[in-house]
Amino acid sequence: MMKPPFKNPRASHNFQGRSCSIVGVGSYVPAKILTNHDLEKMVDTSDEWITTRTGIKERRIAAENEWTSTMAARAAERALKMAKVPAADVDLIITATITPDMPFPATACLVQEEIGARRAAAFDMEAACSGFIYGLEIGQQFIMSRTYNTVLVIGAEKLSSIVDWSDRNTCVLFGDGAGAAVLQNRENSHGLLTTFIGADGEKGDLLYMPAGGSRCPATRQSVDGRLHYLRMDGKQSFKNAVQAMESAARQALQRCELDISRIKCVIPHQANRRIIDAVAERLGAAPEQLFVNLEKYGNTSAASVAIALDEAVASGRLNRGDLILLVGFGAGLTWGAAVIEW
Ligand code: UT7
């Protein structure tokens, strides 16, 4: 049998032919579009500034009766449909989000109910914009350990609920949406070749939401002080994003003994076009290798890589056996990368 021209790091472990494949992807974005021109009427900004500094042209905003759980459920249903897997067969739902419907119960439990995945265990995990890649790492562990056969990993956000719409530094950047992937064992195939995740809690203050947790519960003062909105040091986040994404991508490629030129499609976290281009340049990735959709959606945090993966698949540019590199960065700080054989 011909050896594949890359190393499958999982093969060196005692997984006895087991592998974790993404057998379905799906995404959902709300219908309402908020353009840069709309934002010009809300804060002191311009389409020109937003476009040149970020690459974003518009973003989606959830309706009042749309929440993280409902967007997550729509994305999950589409991923299950593509996978031809009934919701009743799902063993586990992992929802990555920083905007859960409520502090508890977990949004994953609300999704379980909404899609009718009666048998599934369900929990949320939070790694901000790296959430979907963290979710893939966790999900594949359950598959490889033979604990579960079918895991649904979702990245979903209603960031419009925590954006300060009077702060031009942040409100132009974010949007709402959800993406999902169905993971299953596929004997003797490749699928998720490697995942790499990391964190640096020392830099947690670069991007955070001060109130609403146990440290600063909601009070009249916290609301008056606008502490229930996200805060970001843009410049430092930018710098750290470029470094962390380059490093995470390199680690993942190295584990598979792959050169970047072998990757058909690089799907980065969609925060800023300049971040994506800087990471691509450092990695030596050509523009045609990149998948970028942030001009339509802005930064959707945990949903960003999941939506982009779904759209890359739907675009028809990926063929069976192509190699995909996912790479992300977010609050925490957190970062992650994954190499997938499609
Ligand atoms: O999801 C992962 C975490 N987040 C990120 O990765 C975001 C990372 N950071 C960024 O994308 C960029 O730093 C920003 C897009 C947020 C900002 O771009 P920048 O090139 O770093 O701009 P800046 O912060 O240096 O601001 C330049 C100027 C400032 O004015 P002064 O102080 O030079 O007079 C800002 O007040 O641009 C001003 N500015 C704006 N002007 C018009 C900031 N936001 C806006 C705006 N419209 N929306």
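Let me start with Arg74, which in this predicted model is partly exposed, with a relative accessible area of 27%. Its salt-bridge partner is Glu114, and the closest N and O atoms of the two are 3.1 Å apart. Arg74 belongs to helix 3, which covers residues 68-83, and Glu114 to helix 4, residues 107-115, so this pair ties together parts that are 40 residues apart in sequence. Glu114 is, like its partner, partly exposed, with a relative accessible area of 34%.

Which residues are joined into one network by salt bridges that share partners? They are Arg74, Glu77 and Glu114.

Now to the two helices that carry this pair. The axes of helix 3 and helix 4 come within 9 Å and cross at roughly 55 degrees; angles from 65 to 115 degrees would count as roughly perpendicular and those under 35 as roughly parallel, and helix 3 and helix 4 are therefore oblique to each other. Their crossing is right-handed. On the helix 3 side the contact is made by Thr68, Ser69, Thr70, Ala72, Ala73, Arg74, Ala76, Glu77 and Leu80, while helix 4 contributes Thr107, Leu110, Val111, Glu114 and Ile115. Sorted by class, that contact has seven nonpolar, four polar and three charged residues, and both Arg74 and Glu114, the salt-bridge pair I began with, are part of it.

Let me move further along the chain, to Glu246, which forms a salt bridge with Arg282, again with the closest N and O atoms 3.1 Å apart. Glu246 sits in helix 8, residues 234-255, and Arg282 in helix 9, residues 273-283, and the pair, 36 residues apart, links distant parts of the chain. Is Glu246 buried or exposed? Its relative accessibility is 16%, and since buried means under 20%, Glu246 counts as buried, whereas Arg282 is partly exposed, with a relative accessible area of 42%.

The last pair I would like to show is Lys296 with Glu311, a salt bridge whose closest N and O atoms are 3.0 Å apart. Here Lys296 lies in helix 10, residues 294-297, and Glu311 in helix 11, residues 304-314, with their positions 15 residues apart in the sequence, and this pair, too, links distant parts of the chain. Glu311 counts as buried at 17% relative accessibility, and Lys296 is partly exposed, with a relative accessible area of 32%.

How many salt bridges does the count come to? The count comes to twelve, and the pairs I have described are among them.

Key. Residues are numbered from 1 along each chain as its sequence is written. This is a predicted model: local features need pLDDT of at least 70, side-chain atom pairs count only at pLDDT 80 or more; totals for chains, interfaces and linings use all residues. Side-chain values use heavy atoms; hydrogens and water are left out. A salt bridge is a side-chain nitrogen of Lys or Arg within 4 Å of a carboxyl oxygen of Asp or Glu. Helices (H or I, at least four residues) and strands (E, at least two) are DSSP runs, numbered from the N terminus. Buried means under 20% relative accessible area, exposed over 50%, partly exposed in between (1.4 Å probe, protein chains only). Axes are lines fitted to C-alpha atoms, for helices over the stretch in contact, and angles run from 0 to 180 degrees between N-to-C directions. Angles under 35 degrees count as roughly parallel, over 145 as roughly antiparallel, 65 to 115 as roughly perpendicular and the rest as oblique. A crossing is left-handed if the near helix is turned anticlockwise from the far one by less than a right angle, and right-handed if clockwise. Contact means heavy atoms within 4.5 Å. Ala, Val, Leu, Ile, Met, Phe, Trp, Tyr, Cys and Pro count as nonpolar, Asp, Glu, Lys and Arg as charged, and the others, Gly among them, as polar.
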